Structures are given as C-alpha cells and as structure tokens.
Amino acid sequence: MKKLFFLMLLSFSSLAGATGARMISYDTKADFTGGEAKNIAITSDGFLKPAPTRTLLFESSELFIWSIAADSKGGLYVSAGNQGRVFRLINGEKFEFFKSDEPMVFSLTVDAADNVYAATSPMGKIYKINQSGAQIFCDPADQYIWDMKFDRKGNLLAATGGDRGRILKIDKKGQAKVIYAGEESHVRTLCMRQDGSLVFGSSSRGLIYQLTDEVKPFVIFDPQMEEVQKIIETPEGVLYAAVQGQTIFPAAIPRTDGAESSAAGMDMTDEAEGEEPAIAAQLIVAEKPALSSPTTALFRIQPSGYGKNLWATVDDQIQTIAFYEDNML
C-alpha cells in the first residue's frame, strides 16, 4: 500500500506541472458521429437516446430484400434476391413460401383473409398465394409493379411503371381498371390516407400527388428531386416522404438553421407552432441552378401542403421509412 501511495504521489506531482484542467463539451451531432455508436441513436440536435432493440429475424445469402409483409397470425413474409423467392418466417423458422418465374418480387401485401399477394417484375404479374397454392391474380401489361395497397372497399391498388407510370384498381376477381396514367415513367409508392384518399409518389419528376374519387389527381408537393421512394402518414394526417435523386439545389437541400441531422433516431417533433413555412422559402437557389450529386432527403408535409426538409445526405439512400415509436421514424 505504501509503495502504491508513493507512486500515486509521484503521478500527481508530475501532473501538477502540466497545463490546468480543461472542460470539453460534446453536444452536437458532429461531435458524436466521430465515435462508434453502439445501441445509441444520435438525434439531429445532438441528443443521445437508446436505440431500438434489434433482433435478427431473417438472414439470407440473397443480395437484396425487396419487401416485407405480415399476416394476422404472426407470420412474416420476405421477398429477397433476384430469383423471385418469397420466404415465410414463423416461430423463428424460415422456409421458402413461393418462387416465381420472374426474377424480382418488389412488393408483398396481405389481405384480411391472410391471402398473400406477390408482385413480380419485370413483365409484372400479381400472384395470390394461400393454402391452395399460388395462382396469377392479375397480369397487367405493365413492366414493373412497385407497390400494392388495399383500399377501404377491398380493392387492390397497384403502382406500376415502365413506359408510363400507372395506378391500377383491381377488384376481388382480379379485373384491373386504370385509375391513373401519368406522363412519368413510374409510380413508385402508394399511401392510403385515413380519409380514404390516395397519395402517391412518382419517378423521373419526383412529384407527390393526391387522388380521390371526386377529384382528378393533383400535385400536393414537389420536393424538386427525381424519385419518391416511400410515403407514410401519421394519425394527425402529416405525411413523411423519403425522396432521392439529383436536385437543382446546389447544397443538397440545406437546412436554414445551420444544423446537421441524422436519420438514426429521427425525432419528428418540432418546436415551431402553427403552419410549416413553405419549402420554397427554405431552399437556397443559385442564380444558375445546376444538378448536384445524387441525394437522399426526408420531408415532412403538413395537411395544408407545406413541407419541410428534415434530413439530407449524399452518403446514404433511404429505401423505405416506418414508425417504430409514437414520435420516431
């Protein structure tokens, strides 16, 4: 103990001649992202929060996972790879549920009776799969089928693309009716709103439209980018849209508050009250706009149509978004 105490005295005496104590504060997102985050989410304003608990549900040698859907009995369906394969996961076990002749299954969905619908591409077909087997439910002329949603009446809506982006309404007998045919090459994502209207995003011009039975399709938001990847809605009617592609804005949709932001643990609250400022007022436009590097951005769109960019980056690509807590993406 005496030797140890003597060594400690020597250490303290040597430190006494050094510079005085310094206080260093780490309180921004840039400060924390230099380290290695383990089970921690770093928010855009520099707060650290416990990250969502992660459990490995599915692992495969396939290069891509295209779509995931769940039935009412806890079964999980995963389309993966470039061999048209759909897997089913239940009670921790995985097995091949369906294999199509087409190489990709970009979209899966499940109806109220737990029938699984798989949309294949290219030369898109929609298969209906149940205990009786798989059969072609609808075989449209469209090359790609990107997304599927059910409306309130049980019709299946399909977002398609190829030469021309369309939305099909398919009845329970598999008969398809075109309810939207645009000038762009793809309709990429569908979102059924709580009021029964349909919101969808396109590719090439990257616009977000709304469609109702009474009103023709109209643009509700233009993010000034090329492709809308995913749209989801909160119970309050607020939309979140993941968008990617080149933009005419030189700084990849800059934030006016000067802050950087992170997709991990995205907090969706906003201290500002009232309406969001128009997105056009937030963006800095050069006198001679030029296309920037490919960019991913996340937008929040109020029911009034005003939008705000929450996060933008050239390092990652958001493929899809979902809620994992009441107030978190």
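Arg166 is partly exposed in this predicted model, with a relative accessibility of 22%. That value is above the 20% under which a residue would be called buried, so Arg166 falls in the intermediate class. The side chain of Arg166 meets that of Asp142 in a salt bridge, with N and O 2.7 Å apart. Arg166 belongs to strand β13 (residues 166-170), whereas Asp142 sits in the loop between β10 and β11 (144-150), so the contact ties together parts of the chain that are 24 residues apart in sequence. The acidic partner is covered: Asp142 is buried, at a relative accessible area of 6%.

Arg166 also takes part in strand pairing, where its bridge partner in β14 is Ala181. Strands β13 and β14 (residues 176-181) run antiparallel to each other and are paired over five bridges. The two form a hairpin with five residues between the strands, and within this hairpin Gly174 adopts a positive phi near 90 degrees.

Salt bridges elsewhere in the model can be followed in a similar way. Eight of them are found in a search of the whole structure. One of these joins Arg88 to Asp71, with an N to O distance of 3.3 Å. Here strand β5 supplies Arg88 and the loop between β3 and β4 supplies Asp71, so parts separated by 17 residues in sequence are tied together. Arg88 is buried, its relative accessible area being 17%. Asp71 also counts as buried, with a relative accessibility of 10%.

Another salt bridge is formed by Glu102 and Lys125, whose closest N and O atoms are 3.4 Å apart. Glu102 lies in the loop between β6 and β7 and Lys125 in strand β9, so that distant parts of the chain, 23 residues apart, are linked by this pair. Glu102 and Lys125 are both buried. A network is present as well: Glu62, Arg85 and Glu96 are joined by salt bridges that share partners.

The strands that carry several of these residues are arranged in sheets. In one of them, four strands follow the order β3-β4-β5-β6, forming an open sheet with antiparallel pairing. Strands β3 and β6 (93-99) are at the edges, each pairing on one side only. From one strand to the next, the twist averages 25 degrees. Within this sheet, β4 (residues 76-80) and β5 (residues 85-90) are paired in the antiparallel sense over five bridges. Val78 is found opposite Phe87 of β5. Strand β5 is also where Arg88 lies, the residue whose salt-bridge partner is in the loop between β3 and β4.

A further open sheet, again of four strands, has the order β7-β8-β9-β10 and antiparallel pairing. Its edges are β7 (104-110) and β10 (133-138), which each pair on one side only. Neighbouring strands of this sheet are turned against each other by 30 degrees on average, with direction ignored. Strand β9 (residues 125-130) pairs with β10 in the antiparallel sense, over five bridges. Opposite Ile129 stands Ala134 in β10. Strand β9 also contains Lys125, the partner of Glu102.

Cysteines were examined too, and the search returned zero disulfides. Cys138 is buried, at 6% relative accessible area. Cys191 is likewise buried, with a relative accessibility of 6%.

On the surface, Leu63, Phe64 and Trp66 make up a nonpolar patch with about 320 Å² of accessible area together. Phe64 is located in the loop that runs between β2 (48-50) and β3 (65-70). With a relative accessibility of 37%, Phe64 is classed as partly exposed. Since residues need over 30% relative accessible area to enter a patch, the 37% of Phe64 meets that requirement.

Note on methods: Residues are numbered from 1 along each chain as its sequence is written. This is a predicted model: local features need pLDDT of at least 70, side-chain atom pairs count only at pLDDT 80 or more; totals for chains, interfaces and linings use all residues. Side-chain values use heavy atoms; hydrogens and water are left out. Patches are made of residues with over 30% relative accessible area and no salt bridge: like charges are joined within 9 Å, nonpolar side chains (Val, Leu, Ile, Met, Phe, Trp, Tyr) within 5 Å. Accessible areas come from the Shrake-Rupley method with a 1.4 Å probe; for residues, only the protein chains shown count as cover. A salt bridge is a side-chain nitrogen of Lys or Arg within 4 Å of a carboxyl oxygen of Asp or Glu. Buried means under 20% relative accessible area, exposed over 50%, partly exposed in between (1.4 Å probe, protein chains only). Two strands pair if DSSP finds at least two bridges between them. Axes are lines fitted to C-alpha atoms, for helices over the stretch in contact, and angles run from 0 to 180 degrees between N-to-C directions. A disulfide is a pair of cysteine sulfur atoms within 2.5 Å.
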